[in-house]
Amino acid sequence: MPYNFTPTYCSTNTLTFYTPTYLMTNVTNLSYGTWTSQLVGPYQFQYVDTFVPQPRPVYSHEDFLERERLAQHAREQAALHQEKTRVARFRARSLLLEVLDDHQRREYDEHKRFHVRGSRGRRYCVVADDRVGVVANVNVVDEAGKVLAVLCAHPSGLPLEDSWTAQKLALECDEELFLATANVHRGAVPALVAA
Amino acid sequence: MRVTTLVAETTARDVPEGRHVIAVLDQSGDTRLVWDPENRDDVKTAKKMFDDLKAKGYVAYAVEQKEARGKVVTKFDPAAQKLIMTPPLRGG
């Protein structure tokens with residue numbers, strides 16, 4: 001038998017629900033069932049929640065073993081994915097260190113960032129930090145290090161280090177294309193043109 | 001610094017003397033095709049891989065082994081010792 005819980009209204013805009021716990025105690029098994037919400041009035045909050053109890057499922061020992069087997073499989077898949085990710089990031093880091101020069105490598109090791117001189121002469125700071133990732137991690141900086149703009153452009157579906165490699169190569173080799181692709185999170189495009 | 005040493009060893013092991021390499025950035029870090037510029041079949045395979053990826057929008061950079069700064073490559077160049085191909089950038 002369905003149980004209807006009708007909310008109490010203070011006005012059309014303000015609504016107060018009471019929790020019908022005394023009704024819920026009468027329901028033999030609230031853990032198994034389906035809640036539905038039905039609009040019953042002209043106002044947007046005038047609805048009735050209905051709970052339809054269903055019989056509690058009975059699990060056999062075979063069901064338990066099957067669920068345990070599936071859980072174990074999920075744990076193994078998660079561990080495999082974690083290991084693949086670890087190896088991928090090690091390979092990506094190796095490639096990143098190959099394309100960085102000595103100064104950039106030192107900056108990356110010590111400060112989790114490196115500076116890049118663009119093909120058009122602008123200076124950029126690529127923040128290569130796990131906590132920042134690849135979103136809005138490219139700063140346009142002046143010679144004193146002041147941030148003029150924050151840009152975001154990156155390939156998708158790659159380990160972080162690969163994305164930083166792609167950003168570094170794009171800035172050094174085709175700065176204009178990078179600027180045309182990037183979204184400007186702080187600063188403005190005219191500032192970039194003037195820089 | 002320890003990691004840098006490891007990288008040098010890995011690089012030396014992966015790319016033998018006189019071979020060229022195309023590194024394609026992907027989910028596994030990078031997939032490398034090491035090929036012999038003297039071997040016609042190898043050159044053909046490398047060119048096909050290069051053209052296929054370019055058709056998908058990848059950008060190719062020629063990076064010399066001893067020079068960090070690279071350049072954009074639009075056509076396959078068998079003389080390029082090391083090519084890095086990256087998926088296209090997207091504004092985020």
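Q: In what order do the elements of chain B run from the N terminus on?
A: This is a predicted model. In it, the secondary structure of chain B comes to two helices and six strands. Read from the N terminus on, these elements follow the order α-β-β-α-β-β-β-β.

Q: In what order do the five strands of the open sheet in chain B stand?
A: Five strands of chain B form an open sheet, and their pairing is mixed. From one strand to the next, the twist averages 30°. The order across the sheet is 2-1-5-3-4.

Q: Which strands of chain B stand at the edges of this sheet?
A: A strand at the edge has a single partner strand, so one side of it is left without a neighbour in the sheet. In the order 2-1-5-3-4, the numbers at the two ends are 2 and 4. The edge strands are therefore strand 2 (29-35) and strand 4 (71-73) of chain B.

Q: Which residue stands opposite Tyr61(B) in strand 4 of chain B?
A: Strand 3 of chain B covers residues 59-62 and pairs with strand 4 of chain B over three bridges. The two strands pair in the antiparallel sense. Opposite Tyr61(B), in strand 4 of chain B, stands Val72(B).

Q: At about what angle does helix 2 of chain B run to strand 2 of chain B?
A: Helix 2 of chain B is made of residues 40-55. The helix lies across strand 1 (20-26), strand 2, strand 3, strand 4 and strand 5 of chain B. Its angle to strand 2 of chain B is about 145°.

Q: Is Leu89(B) buried or exposed?
A: Leu89(B) is placed in the loop between strand 5 (82-86) and strand 6 (90-91) of chain B. A residue is buried when its relative accessible area is under 20%. Leu89(B) has 18% relative accessibility, so it counts as buried.

Q: Which residues does Leu89(B) contact, leaving aside its neighbours within four places in sequence?
A: Within chain B, Leu89(B) and Gly57(B) are 32 residues apart in sequence and 9.6 Å apart in space, C-alpha to C-alpha. The contacts of Leu89(B) are with residues of chain A. They are Ala153(A), His154(A), Pro155(A), Ala166(A), Ala170(A), Phe178(A) and Thr181(A).

Q: What share of the 195 residues in chain A is buried?
A: Chain A contains six helices and ten strands. Its accessible surface comes to about 11,700 Å², and 55% of that belongs to carbon and sulfur atoms. Of the 195 residues in chain A, the buried ones make up 36%.

Q: Which residues of strand 8 of chain A lie on each side of the strand?
A: In a regular strand the side chains alternate between the two faces of the sheet. Strand 8 of chain A spans residues 138-141, and both of its faces are covered, with the four residues all buried. On one side are Val138(A) and Val140(A), and on the other are Asn139(A) and Val141(A).

Q: Which residue is the bridge partner of Val141(A) in strand 9 of chain A?
A: Strand 8 of chain A is joined by four bridges to strand 7 (residues 123-127) of chain A, and the two run antiparallel. In that pair, Tyr124(A) stands opposite Val140(A). Four bridges also join strand 8 of chain A to strand 9 (residues 147-154) of chain A, again antiparallel. In strand 9 of chain A, the partner of Val141(A) is Val147(A).

Q: Which residue takes a positive phi in the hairpin of strand 8 and strand 9 of chain A?
A: This hairpin has five residues between the strands. The phi in question is near 95°. The residue that takes it is Gly145(A).

Q: How is helix 2 of chain A set against helix 3 of chain A?
A: The axes of helix 2 (residues 61-99) and helix 3 (residues 102-111) of chain A come within 8 Å and cross at roughly 140°. An angle has to be over 145 degrees to count as roughly antiparallel. The crossing therefore makes helix 2 of chain A, relative to helix 3 of chain A, oblique.

Q: Which residues does Ser163(A) touch, not counting residues up to four places away in sequence?
A: Ser163(A) lies in helix 4 (residues 160-173) of chain A. With a relative accessible area of 2%, Ser163(A) is buried. The residues it touches are Val134(A), Pro155(A) and Leu158(A).

Key. Residues numbered from 1 in each chain as written. Chains lettered and ligands numbered in written order. Predicted model: local features only at pLDDT ≥ 70, side-chain atom pairs only at ≥ 80, totals over all residues. Heavy atoms only, no water. Buried < 20%, exposed > 50% of the residue type's maximum accessible area, 1.4 Å probe, protein only. Pairing = 2+ DSSP bridges. Axes fitted to C-alpha atoms, helices over the stretch in contact; angles between N-to-C directions. Parallel < 35°, antiparallel > 145°, perpendicular 65-115°, else oblique. Contact = heavy atoms within 4.5 Å. Areas by Shrake-Rupley, 256 points an atom, 1.4 Å probe, with all protein chains shown as cover.
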